[in-house]
Structure formats: C-alpha cells, structure tokens
Amino acid sequence: MKPVSGAMLLVAAVLTSPALAGAVMGAVPVDVALGRYLVVAGVCWVLLTVASEWLWSEPKTPATAEAPVASSDGAPDAS
C-alpha cells in the first residue's frame with residue numbers, strides 16, 4: 001500500500017476527528033492535534049498494509065514433488 005493513500009488519510013482523519021475538531025474550536029492546541037494525526041496516520045498505514053497483504057494477497061503454492069527427470073531419449077528415467 002502506498003504511504004499516502006486516500007483510504008489511509010480518511011481513516012486517520014476519522015480516528016483523530018475529536019482532536020481535529022478541538023483544534024478548530026480552540027480547545028486543543030493545533031500542534032497537539034496535528035501530532036496526534038501524524039501518529040495515527042502512521043499506525044493506520046501499518047495496519048492497512050498488513051491487512052491488505054493478509055486479506056488480498058495471492059496464496060502461495062506449496063512446493064510439490066520434483067518431476068521425473070527425462071533421459072536423453074525423451075523417456076522418463078526409471079530409476
């Protein structure tokens with residue numbers, strides 16, 4: 001996942017909306033609200049990256065037994 005994606009910014013804004021609203025109204029200092037937003041944005045990026053790898057990655061195929069080795073005449077080796 002890209003470090004700056006719309007989903008990550010939106011989730012971080014929703015999670016820090018009380019602090020951001022408090023900064024607009026003057027109840028919380030702006031630097032505190034932005035600091036909280038940056039911390040939550042980093043955590044959201046990590047969690048969304050892990051979730052996308054876990055949920056939407058293609059499954060790994062297990063290693064199978066080796067195929068029979070063909071001899072020089074093209075027939076499979078009997079040994």
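Modeller: In this predicted model, a residue is called buried when its relative accessible area is under 20%, exposed when that area is over 50%, and partly exposed in between.

Biologist: Why is Thr16 called buried?

Modeller: Thr16 has a relative accessible area of 4%, and the cut-off for buried is under 20%, so Thr16 counts as buried. Thr16 is found in the loop between H1 and H2, and, leaving aside residues up to four places away in sequence, Thr16 touches Arg36, Tyr37 and Val40.

Biologist: What makes the pairing of Thr16 with the backbone oxygen of Ala12 a polar contact?

Modeller: A polar atom of the Thr16 side chain lies 2.7 Å from that oxygen of Ala12, and a polar contact asks for N or O atoms within 3.5 Å, one able to donate a hydrogen and the other to accept it.

Biologist: Why is Trp45 described as partly exposed?

Modeller: Trp45, whose place is in helix H3 (residues 30-56), has 32% relative accessibility, and since partly exposed covers what lies between the 20% and 50% cut-offs, Trp45 belongs to that class.

Biologist: How do you know that H1 and H2 are roughly perpendicular to each other?

Modeller: The axes of H1 (residues 6-15) and H2 (residues 17-25) cross at roughly 70° and come within 5 Å; angles of 65 to 115 degrees count as roughly perpendicular, and H1 and H2 are therefore given that description. Their contact is made by Ala13, Val14 and Leu15 of H1 together with Ser17, Pro18 and Leu20 of H2, which by class gives five nonpolar residues, one polar and no charged ones.

Terms used
Residues numbered from 1 in each chain as written. Predicted model: local features only at pLDDT ≥ 70, side-chain atom pairs only at ≥ 80, totals over all residues. Heavy atoms only, no water. Axes fitted to C-alpha atoms, helices over the stretch in contact; angles between N-to-C directions. Helix = DSSP H or I, 4+ residues; strand = E, 2+ residues; numbered from the N terminus. Parallel < 35°, antiparallel > 145°, perpendicular 65-115°, else oblique. Contact = heavy atoms within 4.5 Å. Nonpolar A, V, L, I, M, F, W, Y, C, P; charged D, E, K, R; others polar. Buried < 20%, exposed > 50% of the residue type's maximum accessible area, 1.4 Å probe, protein only.
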